[in-house]
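The exercises below ask you to read a protein model step by step, with the sequence and the 3D view side by side. Try each task on your own before you turn to its solution.

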Amino acid sequence: MAYASHIINHSKKLKNVSNLLQHEHAVLVRWFSNEAVSKRDDLLKIHRHGCERNFSSTTNNNVPSLGAFKKNVSSTTRTAGNLVYGSLSNKGFVCSQILSRRGYSSDSGLPPHQEIGMPSLSPTMTEGNIARWLKKEGDKIAPGEVLCEVETDKATVEMECMEEGYLARILKEDGAKEIKVGEVIAITVEDEDDIGKFKDYSPSSDAAAEESSPPPPPKQEVAEKPVSSPEPKISKPSPSSSGDRIFASPLARKLAEDNNVPLSSIKGTGPDGHVVKADIEEYLASRGKEAPAKTSKTKDAAPASLDYVDIPHSQIRKVTASRLLFSKQTIPHYYLSVDSCVDKLMDLRSQLNSIQEAAGGKRISVNDLVIKAAALALRKVPQCNSSWTDDYIRQYNNVNINVAVQTDNGLYVPVVRDADKKGLSAIGEEVKKLAQKAKDNSLKPEDYEGGTFTVSNLGGPFGIKQFCAIVNPPQSGILAVGSAEKRVVPGSGSDQYKFASFMTVTLSCDHRVIDGAVGAEWLKAFKGYIENPESMLL
């Protein structure tokens, strides 16, 4: 009964806690009035000593909302020293990309502040670089304003501010590289007068890491031992008749020196045990060597030093290298090539460009026609529009074509979504727009994520006749497009022939997903659209 009454008594004291504690994401508890100081102290004492105090009905009213978001106190709020940390939760909008942690004023004199962490701006991002800060320390910031530009594994993305305040300190300057996701890069405060208090501030994560690290083991005192002088090494005399002296003929000594042969290892067969030339030659023969000729004492000239420049890896270069290495090591590639006559394609392009110019539109390129033909071929052979997983093959209903674009910063593959449903002029305008954004290093994640097939064209820009591309995981196919060249085509008669332009394309396939016959069927469909381009307009 005593135990039951104890529970009932505490349940009465905690009747208002249900309004405060919710089963939601951890949030911050913030007080701004001077009257809330005792409330924070009560919370710390309750955390340390259990539920010994009542939450008054006014406590819940002293928890204001940040911006337009509703904030709740979570039971997972933790204390670290005199600071209480949490994270922001927003029911209407979940922003998992921006990592932040808020600190409270404490006995150390630090005012309320927020630690801004390196955001995760793409599914594969584990670290990033600070390209440049658009705000400087002391600037006022507002929601929606761009704080800095972050170089991710695929592009440079703008990081926006989530709350109003002031940028108190920048912990990672312009050009900072290999910053882990979640690592603190800046501090913001709410009052302008608090900026100077964070001049020498260090992130709380560093302090927590120091506390969690075990103390160094105590140094063991070792009693000094008196240094004893080393005993002289006494060489044992060789089993020769005259102590440790070895008798050898001058020619034998010369031959032994030239071949680095120790005379002590040779048993002499000459008079009185002398080592002679024949003994040295027999020893060399027993080691499988021929009798040496006189070696030259001139040393080889040292090779000339190379003149070089070390170029640091960019973030896009490191990611490209790791993904392509992963592709070649884990995906069983095979390659199929076919030649397609492009005479009709070039005639249709000329007609369409005449119409475009008359209407004030942009010209259509051969690559635009290739993208359209590849998309329609994927619609006809959907097995090639798939990805491999450990449990199943995922076949996509959307045909999204990535287009390889080479820039000064590296290789980018922006995506043209639903290319099978778009017209040639729409594809052409979108490709030009994405290519320019890639060259300006301003692609956003939605500009390159979600592709199901890739087209790489080195023929038109560089005149490459034929090449094999590496599959872009998790996709299962990539088309390598070569240049068009004129060839002589034999006619029906012995003296009859004609000229025609042919373009070589090579399909790289993941054999786990695309069998050889399926890849050949896709190339047949692609060739049909290229050689009869009018069918793409139906």
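**Exercise 1. Describe the surroundings of Cys468: in which loop is Cys468 found, and which residues does Cys468 touch?**

Step 1. Cys468 is found in the loop that runs between helix 11 (459-462) and strand 22 (477-490), where helices (H or I, at least four residues) and strands (E, at least two) are DSSP runs numbered from the N terminus. Before going further, note that this is a predicted model, in which local features need pLDDT of at least 70 and side-chain atom pairs count only at pLDDT 80 or more, while totals for chains, interfaces and linings use all residues. Residues are numbered from 1 along each chain as its sequence is written, and side-chain values use heavy atoms, with hydrogens and water left out.

Step 2. With a relative accessible area of 43%, Cys468 is partly exposed; on this scale, buried means under 20% relative accessible area, exposed means over 50%, and partly exposed lies in between (1.4 Å probe, protein chains only).

Step 3. Leaving aside residues up to four places away in sequence, Cys468 touches Tyr335, Thr506 and Ser508, a contact being heavy atoms within 4.5 Å. Leu479 is 11 residues from Cys468 along the chain, and the C-alpha atoms of the two are separated by 8.3 Å.

**Exercise 2. Work out the order of the strands in the open sheet of six strands, and state which strands are at its edges.**

Step 1. The order of this open sheet is 14-23-22-21-17-20, and its pairing is mixed; two strands pair if DSSP finds at least two bridges between them.

Step 2. Strand 14 (333-341) and strand 20 (415-416) are the edge strands, each pairing on one side only.

Step 3. Strand 22 and strand 23 run antiparallel and are joined by 12 bridges. Within this pair, Arg487 stands opposite Ala500 in strand 23.

Step 4. Phe499 also has its place in strand 23 (residues 497-510), and at 55% relative accessibility Phe499 counts as exposed. Together with Val488 and Tyr497, Phe499 makes a nonpolar surface patch of about 370 Å². Patches consist of residues with over 30% relative accessible area and no salt bridge, with like charges joined within 9 Å and nonpolar side chains (Val, Leu, Ile, Met, Phe, Trp, Tyr) within 5 Å.

**Exercise 3. Analyse the open sheet of four strands: why is one side of strand 10 and of strand 12 left without a neighbour?**

Step 1. The four strands follow the order 10-9-7-12, and the pairing is antiparallel.

Step 2. Strand 10 (156-160) and strand 12 (179-180) stand at the edges with a single partner strand each, and therefore one side of each has no neighbour in the sheet.

Step 3. Strand 7 (residues 127-133) pairs with strand 9 (residues 146-151) in the antiparallel sense over four bridges, and Asn129 has Glu151 in strand 9 as its bridge partner.

Step 4. Strand 9 also pairs with strand 10, again in the antiparallel sense, over five bridges, and these two strands form a hairpin with four residues between them. Across this pairing, Glu149 stands opposite Glu158 in strand 10.

**Exercise 4. Compare three salt bridges: which partners are buried and which are partly exposed?**

Step 1. The structure holds 20 salt bridges, each being a side-chain nitrogen of Lys or Arg within 4 Å of a carboxyl oxygen of Asp or Glu.

Step 2. Lys197 forms a salt bridge with Asp194, and their closest N and O atoms are 3.7 Å apart. Lys197 counts as partly exposed at 48% relative accessibility, whereas Asp194 is buried, with a relative accessible area of 9%.

Step 3. Asp510 forms a salt bridge with Arg512, and here the closest N and O atoms are 2.9 Å apart. Asp510 counts as buried at 1% relative accessibility, while Arg512, with a relative accessible area of 31%, is partly exposed.

Step 4. In the salt bridge between Asp447 and Lys437, the closest N and O atoms are 2.7 Å apart. Asp447 lies in helix 10 (residues 445-448) and Lys437 in helix 9 (residues 424-439), so this pair ties together parts that are 10 residues apart in sequence. Asp447 is buried, with a relative accessible area of 11%.

Notes: Accessible areas come from the Shrake-Rupley method with a 1.4 Å probe; for residues, only the protein chains shown count as cover.
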